[in-house]
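This report examines the fold of one protein chain. The reader is asked to keep the sequence and the model in view throughout.

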Amino acid sequence: MTKFKICAKMHLFIIISSLIIAIGMAVGTVCHFCANGFFNYGGEFSSYKCVTVTYHFSEYKDVDAVKPICEEALKDFNAYEVSYSDASNGVKSEIVYKFSMNTDTDKLNAAVESLNAKLDKNNSGLNVASVHEATVNEGGSKAITFASIALASASAFMFIYFIFRYKLRAAFSALLACVHNLGVFVALAAITRIPVGAEMIALGAAVVVLTMILSCVLFDRTRKNFANVKYEKAERLEVVDTSACETRLINVCSIGSLAVAVIVLGVFAAIAQLWIGALAPFAIAILGLVACFYGAIFFTPSVHGAIDGVCEKIKNNSKSTKTEKSSKSAETKKA
């Protein structure tokens, strides 16, 4: 039987989690007023300026013939995203360079005028570069609102499912684990200032689902150990701690495999797009896995041990009260 390792340090893990979430909320709040957003919002959730370059196939055979001209003219500006599109008729194609909303419009227009002079050197009017502004709802409030409703609904169904599959105490532990892991994930995204977009919503849902799965692994093993005669004389907290130690390897391997898959996909995405910004969604995914790892290995077992202990204490007190009432009732009848 193992000694208390994880469950006995519950207060330490609660302090660590509280500090991470508090720092994340503080950084996000400051950035909300000073840096245009709680998170470092990407293209989906922030306004931007862009240069759209349209070129004709008759003069430029492919994008590689146009890119050097565009990059030379726009070299003084920091484009955070570059996208390419081919027209369905195969005649006209586009390159779109996106810049932050703080980019100087006058300088950008001057650069585009110079670009047009080089791009349409035959004065055909077929090759044109132009400046546009795209204003969107910063922070994606509607998307985040609907995502919050969806996550709340999923957590409610999970809570009910865990009550039937395990016990009320396990349902409370799993719900707290989901809130904790999601809170740590959001805090890490706010602290690191990695650009976030619509993928943040999907990854938040993935954190909740992964937390539910890992919680099932722990609770299944805990229930099995409670039913084992080997542990019938052991303290309940020690059984929970033993169960956490026995499931640790499964959790580490599962999260480690997901992390390797995310890193490989991120490398492929960066190579395919030839743009370092393509790594941002995968970096956010790694933060989600870090939150799940910390929650599954340390936070969830320690909190479940505490909740189980409180519920067991209430249960024993209730039994004692019933026993006392029965004894008093029996004595009254005898009298």
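The text below proceeds from the whole chain to single helices, cores and residues.

## The chain as a whole

The structure is a predicted model. Its protein chain contains eight helices and four strands. In sequence order, these elements form the pattern α-β-α-β-β-α-β-α-α-α-α-α. The chain has 335 residues, and 39% of them count as buried. Of the contacts with a separation of 6 or more, 76% join residues 24 or more positions apart. The exposed area of the chain is about 18500 Å², with carbon and sulfur atoms supplying 64% of this area.

## Helices α1 and α3

Helix α1 covers residues 10-34, a run of 25 residues. From the first C-alpha to the last it reaches 36 Å, close to the 36 Å expected at 1.5 Å a residue. The buried residues of α1 are M10, F13, S17, G24, G28 and C31.

Helix α3 covers residues 105-119. Because each residue should add 1.5 Å, its 15 residues should span 21 Å, and the 20 Å between its end C-alpha atoms agrees with this.

Which residues of α3 are buried? They are L108, A111, V112, L115 and L119. Viewed down the axis of α3, these buried residues fall within an arc of 100°, so they line one face of the helix. A general property of helices is relevant to this arrangement. An α-helix has 3.6 residues a turn, so residues three or four places apart point the same way.

The other side of α3 holds the exposed residues D106, K107, E113 and A117. The buried residues of α3, in turn, pack against β1 (48-56), α2 (63-73), β3 (92-100) and β4 (128-134). At the N-terminal end of α3, D104 acts as a cap: one of its side-chain oxygens lies 3.0 Å from the backbone nitrogen of D106.

## The nonpolar cores

In soluble globular proteins, nonpolar side chains tend to be buried together. In this model, the largest nonpolar core has 26 residues. The members that touch the most other members are F39, F185, V196, M200, I284, L287 and L289. Helices α5, α6, α7 and α8 (280-334) each supply at least two residues of this core. The largest share, eight residues, comes from α8.

What does F185 touch, apart from residues up to four places away in sequence? Its partners are M200, L203, G204, V207, I284, L287, G288 and A291. There is also a second, separate core of 18 residues, which includes V53, C70, A73 and F99.

## Individual residues

The table gives the relative accessibility of four residues.

| Residue | Relative accessibility | Class |
|---|---|---|
| T222 | 2% | buried |
| T300 | 4% | buried |
| R193 | 21% | partly exposed |
| L258 | 39% | partly exposed |

Buried means under 20% relative accessible area, so T222, at 2%, counts as buried. T222 lies in helix α6. With neighbours within four places in sequence left aside, T222 is in contact with V240, S243 and H304.

T300 belongs to helix α8. Although T300 and A177 are 123 residues apart in sequence, their C-alpha atoms are 5.7 Å apart in space. Beyond residues up to four places away in sequence, T300 touches A177, S215, L218 and G295.

L258 is part of helix α7 (residues 236-273). Apart from neighbours within four places in sequence, L258 is in contact with L210 and L289. Of these partners, L289 was named above among the core members that touch the most others. L258 and A285 are separated by 27 residues in sequence and by 9.5 Å in space, C-alpha to C-alpha.

Where is R193 placed? R193 is in the loop between α5 (168-192) and α6 (199-227). Its relative accessibility of 21% is not under 20%, so R193 counts as partly exposed rather than buried. The backbone of this residue deserves separate mention. Most residues other than glycine have a negative phi. R193, however, has a positive phi of about 60° although it is not a glycine.

Technical notes:
Residues are numbered from 1 along each chain as its sequence is written. This is a predicted model: local features need pLDDT of at least 70, side-chain atom pairs count only at pLDDT 80 or more; totals for chains, interfaces and linings use all residues. Side-chain values use heavy atoms; hydrogens and water are left out. Buried means under 20% relative accessible area, exposed over 50%, partly exposed in between (1.4 Å probe, protein chains only). Contact means heavy atoms within 4.5 Å. Accessible areas come from the Shrake-Rupley method with a 1.4 Å probe; for residues, only the protein chains shown count as cover. The expected span of a helix is 1.5 Å times one less than its number of residues. The arc is that of the directions from the helix axis to the C-beta atoms. A polar contact is a pair of N or O atoms within 3.5 Å; within protein, one must be able to donate a hydrogen and the other to accept it, and residues adjacent in sequence count only if both atoms are side-chain atoms. A nonpolar core is a set of buried Ala, Val, Leu, Ile, Met, Phe, Trp, Tyr and Cys residues joined through side-chain atoms within 4.5 Å.
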